[in-house]
Amino acid sequence: MIVLNTTNTSLELVLAAAITTNQLQYTIHYEILSRQGESTVSQSHGLSNSTTDVTLLAAPSIAGERRIIRGISIYNADTQTATVTVQYDDAGTERIITKATLSSGSSLHYESGTGWTNGTSTTTATSLTNGTT
């Protein structure tokens, strides 16, 4: 499970190199739990920005709020292979969650309770990268 539970911690995506033609596409589905225990489901989508960090999900804006990531999909729309890193950013300190190499037209998926899949094989985050889960 990936949880953002402080106002300093966000979730980011970054590529190892500049794209050739098209930025990678992402979609993220998450749940916001308020301090009062109320739950709201939401989603966001966007594009990578080559070697510049892109915020997949911003840190909670209110102390005590939690953002629970339910699913992430990252699609390589570029014409070349891309290495993508998903990482926590905790007030400027970055921690790798997973890193994967995606061929053109392939995807990286995360589902809470299942973990990360790359292409057609299911694997854990630690088998995709040396980062933390």
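## A strand-rich chain, seen from Asn76

The backbone nitrogen of D78 sits 2.9 Å from a polar atom in the side chain of N76. That is a good place to begin a walk through this model, which is a predicted one.

**Around N76**

Where does N76 lie? N76 belongs to the loop that links β6 (66-75) with β7 (82-90). Is N76 buried or exposed? N76 counts as buried because its relative accessibility is 0%, and the cut-off for that label is under 20%. Besides the D78 contact, the side chain of N76 comes to 3.4 Å from the backbone oxygen of S103. Leaving aside residues up to four places away in sequence, N76 touches L24, T81, A82, L102, S103, S104, G105 and S106. One of these neighbours, L102, falls in β8 (93-102).

**The chain as a whole**

Stepping back, the chain has 133 residues, and 44% of them count as buried. Its secondary structure amounts to 1 helix and 11 strands. Read from the N terminus, the order of elements is β-β-β-β-β-β-β-β-β-β-β-α, with the helix at the end of that run. How much of the contact network links residues far apart in sequence? Among contacts in the chain with a separation of 6 or more, 66% are between residues 24 or more positions apart. The accessible surface of the chain is about 6700 Å², and carbon and sulfur atoms hold 45% of that area.

**An open sheet of four strands**

One sheet in the model is open and has 4 strands, in the order β5-β2-β7-β8, with antiparallel pairing. Which strands sit at the edges? The edge strands are β5 (54-57) and β8 (93-102), and each of them pairs on one side only. From one strand to the next, the twist averages 30 degrees. Within this sheet, strand β2 (residues 9-15) pairs with β5 in the antiparallel sense over 3 bridges. Along that pairing, L13 stands opposite V54 of β5. When you look at the strands in the viewer, one general point may help: in a regular strand the side chains alternate between the two faces of the sheet.

**Partners of β6**

The strand that leads into the N76 loop is β6, and its pairings can be followed through strands β1, β3 and β9. The table gathers them.

| Strand pair | Sense and bridges | Bridge partners |
|---|---|---|
| β1 (residues 2-4) and β6 | antiparallel, 3 bridges | V3 and I68 |
| β3 (residues 25-33) and β6 | antiparallel, 9 bridges | I28 and I72 |
| β6 and β9 (residues 107-111) | antiparallel, 5 bridges | Y75 and S107 |

In words, V3 has I68 of β6 as its bridge partner, whereas I28 is matched with I72 of β6. On the β9 side, Y75 has S107 as its bridge partner.

**An aromatic pair**

How many aromatic pairs does a search of the whole structure find? The search finds 1 aromatic pair. The ring centres of Y110 and W116 are 5.0 Å apart and the ring planes meet at 50 degrees, so the pair is tilted. Y110 and W116 are both buried.

**H45 on strand β4**

H45 is part of strand β4 (residues 39-47). Is H45 buried or exposed? H45 is exposed, because its relative accessible area is 57% and the exposed label begins over 50%. Not counting residues up to four places away in sequence, H45 touches Y26 and T27. The C-alpha atoms of H45 and S73 are 9.3 Å apart in space, while the two residues are 28 residues apart in sequence.

**Two loop residues with positive phi**

Most residues other than glycine have a negative phi. Which residues here are worth a look on that count? One is S50, whose phi is near 50 degrees, a positive value in a residue other than glycine. Another is A91, with a positive phi of about 55 degrees although it is not a glycine. S50 is found in the loop between β4 and β5, and A91 lies in the loop between β7 and β8. Their surroundings can be set side by side: S50 is buried because its relative accessible area is 14%, whereas A91 counts as exposed because its relative accessibility is 59%.

Methods:
Residues are numbered from 1 along each chain as its sequence is written. This is a predicted model: local features need pLDDT of at least 70, side-chain atom pairs count only at pLDDT 80 or more; totals for chains, interfaces and linings use all residues. Side-chain values use heavy atoms; hydrogens and water are left out. Helices (H or I, at least four residues) and strands (E, at least two) are DSSP runs, numbered from the N terminus. Buried means under 20% relative accessible area, exposed over 50%, partly exposed in between (1.4 Å probe, protein chains only). A polar contact is a pair of N or O atoms within 3.5 Å; within protein, one must be able to donate a hydrogen and the other to accept it, and residues adjacent in sequence count only if both atoms are side-chain atoms. Contact means heavy atoms within 4.5 Å. Rings of Phe, Tyr and Trp (its six-membered ring) pair if their centres lie within 6.5 Å; planes under 30 degrees apart count as stacked, over 60 as edge-to-face and the rest as tilted. Two strands pair if DSSP finds at least two bridges between them. Axes are lines fitted to C-alpha atoms, for helices over the stretch in contact, and angles run from 0 to 180 degrees between N-to-C directions. Accessible areas come from the Shrake-Rupley method with a 1.4 Å probe; for residues, only the protein chains shown count as cover.
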